[in-house]
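Got your viewer open? Let's take a walk through some charged pairs and ring pairs, one selection at a time.

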Amino acid sequence: PVRAATPHGEGDTARLSCVSARLRPRVERLWRSCQGRLSECTDFEAFFRAICCSPEFRGLWAGQERGPFLLPAHPLVGGALSVGDVVHGLAAAAAHGRGPGETAVTLTDGAEFRCPIALPPLRSVAELSAVLDFGTIFLNAASMHWRALADICLAASGALGFPTNINVYVTGPGRRVSTDVHTDNHDVFVMQSQGAKRWQVFPPPRRRRGAAHPLYRGKGEDRLEAWELHEPLLDVVLGPGESLFVPMGFPHATCTEGTGSEEASVHLTLGISAADCDLSHGGIRQALCRSLGFEEPLDEERLSDESFWRLWSPTPVGCLLPVAVRSEAALVDHVGDEVLRTMLDAEPGAWEGVDRESLRRAARAASATQLARHLSTLSAQDEAYAEVAAASDGIFCATGAGETRSAYRAAMLEHQAREAARKRCRSIARDPRLVRRLDPFDGACRTRAELRERLAARPGFREEDGEWYWDERCRPLYPNDEPPEDLMEELERASQDCGALLGFLSRRTPQLRTAWQAA
């Protein structure tokens with residue numbers, strides 16, 4: 001049981017009553033330190049720099065006691081993206097004969113049933129509204145397509161000093177479960193652009209053997225059970241213009257039931273790429289181990305919670321960099337030395353007999369390599385976003401992979417096109433290129449090749465180990481890896497035509513229908 005969510009639109013004191021008593025003093029300090037600066041911001045660059053100025057923000061994001069927080073409402077956020085803008089982009093993509101990246105409708109009852117279905121071309125608010133009767137629509141990497149979102153990412157990356165990406169989620173009103181409770185492998189700013197949505201954010205559950213990795217809980221076949229969750233750290237209904245920060249590994253659940261809003265909810269999830277692109281203490285540790293030929297993989301289950309989360313914490317660069325570090329050489333030394341201290345604290349026995357000075361030099365060298373990759377990624381991503389932000393359409397960039405000037409964006413679009421084609425086409429029976437099984441590591445569905453790619457990053461990986469893992473640990477989705485023929489035919493049609501999708505949903509998932517009417 002949880003206390004009632006605090007509705008949006010109330011005064012400051014009532015607003016922050018949605019935060020747990022233990023966390024509230026720190027969130028109040030952040031709120032007060034940002035409130036004045038944010039009120040003066042006229043663009044997103046100033047908006048994010050105002051947040052980054054706060055020591056409380058840096059502590060809640062990457063300190064020893066991380067936590068979620070709420071920010072005051074701001075008109076920049078409230079006007080960022082509307083349902084009309086979403087439909088404009090979807091229709092523009094359909095007119096060019098392509099989809100706007102990875103798009104799907106997520107179907108869930110909050111219990112045993114959970115299924116994403118590829119989204120067919122949508123050309124009107126009426127069509128989008130009809131699909132929202134059954135589930136939440138999500139648009140992955142939407143910042144590679146919508147101009148306003150590319151602008152936000154450019155501003156956020158510049159202020160934070162980390163790569164960023166925006167996914168968009170659209171949910172109809174009155175939906176009891178929008179997304180199941182789950183964790184993510186990156187930190188996120190949630191920005192409520194239209195409508196309202198309730199968020200519950202919980203502290204990380206106890207790590208346990210047999211469950212998915214702590215950064216992938218509640219995904220795929222993994223379930224976060226009620227007994228694993230503590231009282232929420234924050235329970236709030238976000239209204240237009242409000243923002244919420246959720247650290248990686250913190251379970252969260254959303255719904256639009258009981259929010260008091262009768263219009264569709266549109267929120268942006270701005271992901272900060274650190275651990276998911278190896279810009280973390282653990283990522284640099286892995287690079288260091290490779291350089292030393294250290295084959296023994298890290299046994300995360302033996303780590304204390306403090307050491308585990310410290311290894312996954314972001315590298316101290318960008319806005320996390322101490323003021324005293326003023327040169328590139330000093331940055332490399334600072335990062336290398338901090339990573340080394342984290343390693344030695346986490347697994348002291350693993351480095352016995354290794355000369356400390358040699359280890360320090362290796363840590364600094366690994367840090368220099370990772371930081372160079374980081375700067376290269378930031379530059380490539382900025383180039384991609386700058387192209388989208390300059391789109392003549394004013395709302396949506398319809399330039400395809402073969403026409404874009406950015407190699408980074410071309411690679412992203414090609415990946416999205418492959419994923420869209422895979423989801424929409426029927427496979428040859430037991431085609432090894434397309435057969436997927438459930439990976440118990442994170443609950444994701446992977447082909448044999450995708451699984452081999454994930455495992456190959458581990459020191460000492462052998463081909464026979466991958467084959468054993470596939471055969472013995474990964475569970476087939478269907479008997480003999482073959483889905484029912486009639487289901488595949490229906491899904492293929494549903495991914496190509498909105499009418500076919502609505503017919504499929506009405507027949508197969510009538511229990512998920514929530515009647516509503518777009519405002």
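Start by selecting Asp439. In this predicted model, Asp439 has a relative accessibility of just 1%, so with the cut-off for buried set at under 20%, Asp439 counts as buried. Now show its partners. Arg454 joins Asp439 in a salt bridge, with N and O 2.8 Å apart. Asp439 sits in the loop between strand E13 (437-438) and strand E14 (445-446), while Arg454 belongs to helix H14 (residues 448-456), so this bridge ties together parts that are 15 residues apart in sequence. Arg454 is buried too, at 18% relative accessible area.

Keep Asp439 on screen and add Arg446. These two also form a salt bridge, and their closest N and O atoms are again 2.8 Å apart. Is Arg446 buried or exposed? With a relative accessible area of 16%, Arg446 is buried.

Next, jump to Glu228 and Arg208. Their side chains meet in a salt bridge of 2.9 Å, N to O. Both residues are in the loop between strand E8 (197-201) and strand E9 (234-238), yet they are 20 residues apart. Colour them by accessibility: Glu228 is buried at 5%, whereas Arg208 is partly exposed at 28%.

Ready for a bigger group? Select Asp333, Asp337, Glu357, Arg360, Arg361 and Arg364 together: salt bridges link them in a network. How many salt bridges are there in the whole model? The count comes to 32.

Time for the rings. The structure holds 18 aromatic pairs. Pick out Trp146 and Phe396: their ring centres are 4.9 Å apart and their planes are at 75 degrees, so the pair is edge-to-face. Trp146 is in the loop between strand E4 (136-140) and helix H8 (147-160), and Phe396 is in the loop between helix H12 (356-389) and helix H13 (407-424), so the pair ties together parts that are 250 residues apart in sequence. Both rings' residues, Trp146 and Phe396, are buried.

Then select a whole cluster: Phe44, Phe47, Phe48, Phe57, Trp61, Phe69, Phe162, Phe189 and Phe245 are linked by ring pairs. Rotate the view and follow the links from ring to ring.

For the last stop, show Trp309 and Arg66. What lies over the face of Trp309? Arg66 does, at 4.8 Å from the ring centre.

Definitions and conventions
Residues are numbered from 1 along each chain as its sequence is written. This is a predicted model: local features need pLDDT of at least 70, side-chain atom pairs count only at pLDDT 80 or more; totals for chains, interfaces and linings use all residues. Side-chain values use heavy atoms; hydrogens and water are left out. A salt bridge is a side-chain nitrogen of Lys or Arg within 4 Å of a carboxyl oxygen of Asp or Glu. Helices (H or I, at least four residues) and strands (E, at least two) are DSSP runs, numbered from the N terminus. Buried means under 20% relative accessible area, exposed over 50%, partly exposed in between (1.4 Å probe, protein chains only). Rings of Phe, Tyr and Trp (its six-membered ring) pair if their centres lie within 6.5 Å; planes under 30 degrees apart count as stacked, over 60 as edge-to-face and the rest as tilted. A charge sits over a ring if NZ of Lys or CZ of Arg is within 6 Å of the ring centre and within 35 degrees of the ring normal.
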